[in-house]
Amino acid sequence: MKKILLMNGPNLNMLGIREPGVYGNDTLKDLEAGFCEYARAHGCEVECFQSNHEGDLVDEIHAAHGTYDGIVYNPGAHTHYSYALRDALGSVSTPCVEVHISDVSTREAFRHISVIAPACVAQVKGRGFAGYNDALDILLEGTTERLGEGFEGRYAPGQVIVAGRDLIGE
């Protein structure tokens, strides 16, 4: 049975309260329950972790090395500036898929840049809670190649970007 770490960063504990027009009315507990059910149906065991503290998230990523087969991670606002989290993901061999409930590429300009994605094997955005299930499917495919720096120029834009797929010019 594959072991998956579901990580959610700052403010995701406020799902259901925070900007329901953007994130919906369902809570983090709802998200975790749905994801765990989907994962179990696909033969996976899930551990859920949420924190508003960068250092706790870094520690959890480090602890994932050798413990989990993959990470599904919504870094929240850390997406756009946390080089500490990017480096933590880069320091472990555990493949990670970055997930966003909303399509961050269509929102405010500061949300268009992800410093986390290059250390991930894929990025899923704008697919609501279903994006977490998409992320698990990508991990179960066995993708281990990371998107890498400058991935935006190599991969076709879209809601789901997976390393090695949909290269521009192919």
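A: Start with a cut-off. A residue is buried when its relative accessible area is under 20%, exposed when over 50%, and partly exposed in between. Keep in mind that this model is predicted.

Q: Which residues of helix α4 are buried?
A: Helix α4 covers residues 83–91, and its buried residues are Leu85, Ala88 and Leu89.

Q: How do the buried residues of α4 fall when seen down its axis?
A: They fall within an arc of 95°, so they line one face of the helix.

Q: What covers the buried residues of α4?
A: The cover includes α3 (54–64), β3 (70–74) and β4.

Q: Tyr73 lies in which strand, and what does it touch?
A: Tyr73 is part of strand β3. With a relative accessibility of 0%, Tyr73 counts as buried. Set aside residues up to four places away in sequence, and Tyr73 touches Met7, Gly9, Leu57, Ile61, Leu85, Leu89, Cys96, Val97, Glu98 and Val99. Two of these are residues that are buried in α4, Leu85 and Leu89.

Q: How far apart are Tyr73 and Ala135 in sequence and in space?
A: The pair is 62 residues apart in sequence. C-alpha to C-alpha, the separation is 8.8 Å.

Q: How should I read the largest nonpolar core, and how many residues does it have?
A: First the general idea. In soluble globular proteins, nonpolar side chains tend to be buried together. Now the case. The largest nonpolar core here has 24 residues. Ile4, Leu6, Phe35, Val46, Val72, Val97 and Tyr132 have the most contacts inside it. Two or more residues come from each of β1 (2–8), α2 (28–41), β2 (44–50), β4 (96–100), β5 (122–125) and α5 (130–140). Apart from this core lies another, of 18 residues, including Leu89, Cys96, Ile116 and Ala119.

Q: Which residues is Val72 in contact with?
A: Leave aside neighbours within four places in sequence. Val72 then contacts Ile4, Leu5, Leu6 and Met7. It also contacts Phe35, Val97 and Val99. The list ends with Tyr132, Ala135, Leu136 and Leu139.

Q: At what angle do α2 and α5 pack?
A: The angle is about 30°, and the axes are 10 Å apart. The crossing of α2 past α5 is right-handed. On the α2 side, Leu31, Phe35, Tyr38 and Ala39 make the contact. On the α5 side, Tyr132, Asn133, Leu136 and Asp137 do so. By class, the residues of this contact are six nonpolar, one polar and one charged.

Q: Is Asn133 buried or exposed?
A: Asn133 lies in helix α5. Its relative accessible area is 19%, so it is buried under the 20% cut-off. Beyond its neighbours within four places in sequence, Asn133 is in contact with Phe35 and Tyr38.

Q: How many residues of α5 are buried?
A: Eight of the eleven, so α5 is largely enclosed by the rest of the structure. They are Gly131, Tyr132, Asn133, Asp134, Ala135, Leu136, Ile138 and Leu139.

Q: How do I read a positive phi, and where is one found in a residue other than glycine?
A: Most residues other than glycine have a negative phi. Asn11 departs from that pattern, with phi near 75°. Its place is the loop between β1 and α1 (20–23). Asn11 is partly exposed, at 37% relative accessible area. A glycine case sits just after α5, where Gly142 takes a positive phi of about 90°.

Q: Where is the place of Glu145, and what does it touch?
A: Glu145 sits in the loop between α5 and α6 (151–154). It is partly exposed, with a relative accessible area of 45%. Not counting residues up to four places away in sequence, Glu145 touches Cys120, Val121, Tyr155, Ala163 and Gly164. Its C-alpha atom is 13 Å from that of Leu167, 22 residues apart along the chain.

Q: Where is Ala109 found, and is it buried or exposed?
A: Ala109 belongs to the loop between β4 and β5. At 61% relative accessible area, Ala109 is exposed.

Q: By how much are the C-alpha atoms of Ala109 and Arg154 separated?
A: By 21 Å, for residues 45 apart along the chain. Arg154 is in helix α6 and is partly exposed, at 33% relative accessible area. Arg154 and Asp26 are 128 residues apart along the chain, and their C-alpha atoms are separated by 35 Å.

Key. Residues numbered from 1 in each chain as written. Predicted model: local features only at pLDDT ≥ 70, side-chain atom pairs only at ≥ 80, totals over all residues. Heavy atoms only, no water. Core = buried A, V, L, I, M, F, W, Y, C linked by side-chain atoms within 4.5 Å. Buried < 20%, exposed > 50% of the residue type's maximum accessible area, 1.4 Å probe, protein only. Helix = DSSP H or I, 4+ residues; strand = E, 2+ residues; numbered from the N terminus. Contact = heavy atoms within 4.5 Å. Axes fitted to C-alpha atoms, helices over the stretch in contact; angles between N-to-C directions. Left-handed = near helix turned anticlockwise from the far one by under 90°. Nonpolar A, V, L, I, M, F, W, Y, C, P; charged D, E, K, R; others polar. Arc of directions from axis to C-beta.
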